[in-house]
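Please look over the sequence and the structure below before reading the briefing that follows.

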Amino acid sequence: MGDPRTEKSEGPGREVSLPTITPVLVAELLADGDRMPVYVHVIDHPDGRVLVDTGMTQLHPAVKDMDPQLTPLSERTDFDLAGVDAVVNTHLHFDHCGGNHLFAGTPVYVQRTELDDARTEDDYTIREWVDAPGVQYVPVDGTLELLPGVRLVPTPGHTRGSQVVVVETGGRSVVIAGDTAVFFDELDDPRTEGQRLIRALAPHEVWLSHQHEPWRPSSDRDA
Ligand SMILES: [Zn+2]
């Protein structure tokens with residue numbers, strides 16, 4: 001998936017061998033009276049840079065009542081859009097695919113079920129953001145190893161076609177979970193198939209789209 005990028009090494013002598021995960025805040029939404037952050041996540045892997053979800057870049061009448069406050073990827077001076085080698089959508093709700101149009105020509109990996117639902121079900125998302133000009137989906141059926149140690153895993157629950165990204169970092173896995181869980185208590189006490197799947201992976205950390213910090217298992221929190 002392209003050449004390893006030298007700018008990922010920070011400072012002299014520092015070699016990047018394990019993937020790193022960086023959350024990027026791209027919006028805040030009003031939900032049930034509370035301001036909810038919207039994060040996307042960048043995986044810097046020796047074999048390429050993967051962006052998980054794309055947030056939003058513009059306002060839309062359909063979500064006006066959520067009063068979106070945007071800091072889109074396209075307006076950040078610290079984010080190089082051209083440096084992204086692949087995009088993953090955990091699912092295609094509007095706050096996760098609104099920036100897909102920024103990555104025309106870059107492969108966008110999404111579960112086939114999710115793509116079908118987003119294209120056919122009413123009131124599912126903002127459909128023109130899903131099929132913006134130039135967006136090239138790679139429909140995935142089930143689990144896929146995107147890069148060595150970076151796997152897409154279907155996690156039904158929040159939507160039928162939701163997926164998470166599992167990243168192996170030195171023997172322990174980190175999960176980028178989208179909205180498979182929105183709040184920490186949904187992982188403390190998993191209810192959906194997807195949430196149970198995440199717990200079964202025994203992850204060290206789980207990044208959620210709408211939380212500032214990653215969830216960690218209680219054994220690690222007490223340590
Ligand atoms: Zn969301």
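In what order do the five strands of the open sheet lie, and is the pairing mixed or not? The order is 8-9-10-11-12, with mixed pairing, where strands pair if DSSP finds at least two bridges between them. This is a predicted model, in which local features need pLDDT of at least 70 and side-chain atom pairs count only at pLDDT 80 or more, while totals for chains, interfaces and linings use all residues. Residues are numbered from 1 along each chain as its sequence is written.

**The open sheet**
- Strand 8 (144-147) and strand 12 (205-207) form the edges, each pairing on one side only.
- From one strand to the next the twist averages 25 degrees, with axes fitted to C-alpha atoms and angles running from 0 to 180 degrees between N-to-C directions.
- Strand 11 (residues 172-176) runs parallel to strand 12 and is joined to it by three bridges; Val-174 stands opposite Glu-205 in strand 12.

**The whole chain**
- The protein chain has six helices and 12 strands, taken as DSSP runs (helices H or I, at least four residues; strands E, at least two) and numbered from the N terminus.
- Buried residues, those with 20 or more other C-beta atoms (placed from the backbone) within 10 Å of their own, make up 39% of the 223 residues.
- Along its principal axes the C-alpha trace spans about 50 × 40 × 35 Å.

**Confidence**
- The predictor's confidence in each residue, pLDDT, on a scale from 0 to 100, averages 92 over the protein chain, and 91% of the residues score at least 70.

Technical notes:
A residue is buried if 20 or more other C-beta atoms lie within 10 Å of its own, exposed if 12 or fewer, and partly exposed in between; C-beta atoms are placed from the backbone.
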